[in-house]
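I opened my notebook today to look at how the parts of this structure meet. Come along, and I will jot down each thing I looked up.

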Amino acid sequence: MAPLLEIRNLTVVFDTPAGTVHAVNDVSYTIEEGETLGIVGESGSGKSVHALSMVGLIARPPGRIVSGEVYFKGRDLLKLSQRELLDLRGKEIGFVFQDPMTSLNPVLTVERQIAEPLRRHFNLSKNQARERVVELLELVGIPNARERIGQYPHEFSGGMRQRVMIAIGISCNPKLLIADEATTALDVTVQAQILDLVRDLKKKFGTTVIWITHDMGVVAGLADTIQVMYGGRIMERGPVDTVFEDPRSAYTWGLLKSLPHGGKRGTTRLYQIPGNPPNLINEPIGDPFAPRNAFATERCLRETPPLQQVEGSVPGHKAAVWYDLREKLKKQEAKV
Amino acid sequence: MTRYLLTKLIEAFIAIWGVVTIVFFVSRILGDPAVLLVPVGAGQQEIDNLRTALGLDRPLLEQYFQSLFSMLKGDFGISFQHTRPALDVVLERMPATASLAGLALLFGTLIGAAAGAIAALMRGTVAELIVMVAALLGQATPTFWLGIMLILLFSVELGLLPTGGSGTWLHYILPGLTLSVFVSASIARLLRSSLLDIMREDYVRTARSKGLMPRTVFFWHIARNALIPVVTMIGIIAGELLGGSVVIETVFAWPGVGRVIVQGIQAQDFPVIQAGVTLVAAIFVFVNLLVDLLYGVLDPRIRRG
């Protein structure tokens, strides 16, 4: 079966007064129907930009899609007309954005904001839409849904607002749901509730999900596949368990090492990746992580490694490296 | 909402009382109106008699409370110059000021809103540049200078329009145009920057992600929010214009409230000054009250916060 979404060689730049920012560089990947893909990376890794750009949600200009194809259900999204994209957004591809405080319109009722995509895509009457809105709010776990639809975002708590955001994202039963840092602004407990909700919804509707976050823990709990991005490139990707146990990119390894481990405290300092995120204004040469990578080889600085299947690992575990991380780590251990 | 309204009303009342008090004492500093009112060559006795007649010989605080009390009853005293109720002197100028203000506000807002929206929507184009340069010039040009230039062109050179005064609709054109230029320039600049700010908001991206039509996104998500500061601005301008634009009324010999107050000041006609300034302050406060209410309509965070 053809994958639900296939991205080929997507490259996105931003033309700014300071120069051309290379935000997304030659990104290719696929998602199968029903899969949950967790995309991890720090700010500026291109994780959000690439997702927004494929459905025309980045401002152009300054954004510019240099090359690539994005096949969604067999159609290249980048070749769609403006009108076709509008018909697709919200209906086939739903979005959940971060920080529901700023992502919901403060002057419109929750009912209107959830009903908008329904009325736009299914031509529902006001009353039909209202019934569906109540249904959706109940689905995402908002008590007294019928009484609350007339309220405004500021009358909801942060967690409840995020639930409203999710209700908007899933309102039209999209094939693909893209959640961009959807739990980042929330308390840990509320975050856990939201993740539970998303897992439930996935079970019920089999929605394919792209979950964009900088939080490895969230990916571990939710995703089937993890994709680590850095400097606008995919550094590593594979089944979550495999990548967590056996990372092959030094960047993934660094991210995992900088996570606190269950309950033990005070014994060692948390690892931190040295250096700063790359300046994407320069034409990217070589492995973008190489300047911060103690294991980088001469070749890493000169030549960009392609994303390749990791030899000896499970199928689908891919990494973009010139070095063998396991060998490097062994050597390092031997030295100590 | 009732509580909100009540607070605003009390605030309005206090503001007007403050203005009345300041005007009362400041106008007393201006000097002695009796000296100006008596015929040339009159003696001290006549001046004193007049002061007694006008009640100016009594202690200042007594005069203050006396006039405050009368004002509550709507009595601002008799104009020294016109020997008619001061309030009437001011009020009969109101229609001229209000009609000119209304005209300027209407056209200024329409043109300003259209220009501001065009500038924001066509960001980075020549159209934006033209609108913004025009708006900057419109706001920076002193109204008296613009008024005089318009008179020179349309009245003196071309002889198409009257140089000043009021009476026919032709008289409205030049002062109306002069004021509209300023109003529309201010609104265009504010609306443009407000729209550009809102366009960057996360919720606008959310609206786009729903696949909404661009016009729905613009009117319901962008303009709805961008209008909030513009409404305040319109309120302030409306308050200012309704108080009578002294400069414009002078340039165009327009028989408005602003001019009558200035004449009152020159003649040290306390009742007219007090009636005029109090009226202007009341209008200003009332317009701002309306703006506050409109705010509540536009922004539920204020209405239900």
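Entry 1, the two chains. I began with the contact between the chains, keeping in mind that this is a predicted model. I found that chain A puts 25 residues into the contact and chain B puts in 21 residues.

Entry 2, the chain B side. Which helices of chain B each supply at least two residues of the side that touches chain A? I noted helix 10 (202-209), helix 11 (214-242) and helix 15 (300-303). Helix 10 of chain B gives the most to this side, with 7 residues. I then sorted the residues of the chain B side that touches chain A by character: 9 are charged, 7 nonpolar and 5 polar.

Entry 3, inside chain B. Next I turned to the domain assignment of chain B, which gives domain 1 (2-77) and domain 2 (94-303). I looked up the C-alpha centres of these two domains of chain B and found them 33 Å apart. The domains also touch: domain 1 of chain B brings 18 residues to the contact, and domain 2 of chain B brings 16 residues.

Entry 4, the domain 1 side. I looked for the helices of chain B that each supply at least two residues of the domain 1 side touching domain 2, and wrote down helix 1 (2-29), helix 2 (33-37) and helix 4 (60-72). Which helix of chain B has the largest share of that side? My note says helix 1 of chain B, with 10 residues. By character, the residues of the domain 1 side that touches domain 2 in chain B divide into 13 nonpolar, 4 polar and 1 charged.

How values were computed. Residues numbered from 1 in each chain as written. Chains lettered and ligands numbered in written order. Predicted model: local features only at pLDDT ≥ 70, side-chain atom pairs only at ≥ 80, totals over all residues. Contact = placed C-beta atoms within 7 Å. Nonpolar A, V, L, I, M, F, W, Y, C, P; charged D, E, K, R; others polar. Domains from an automatic or database assignment.
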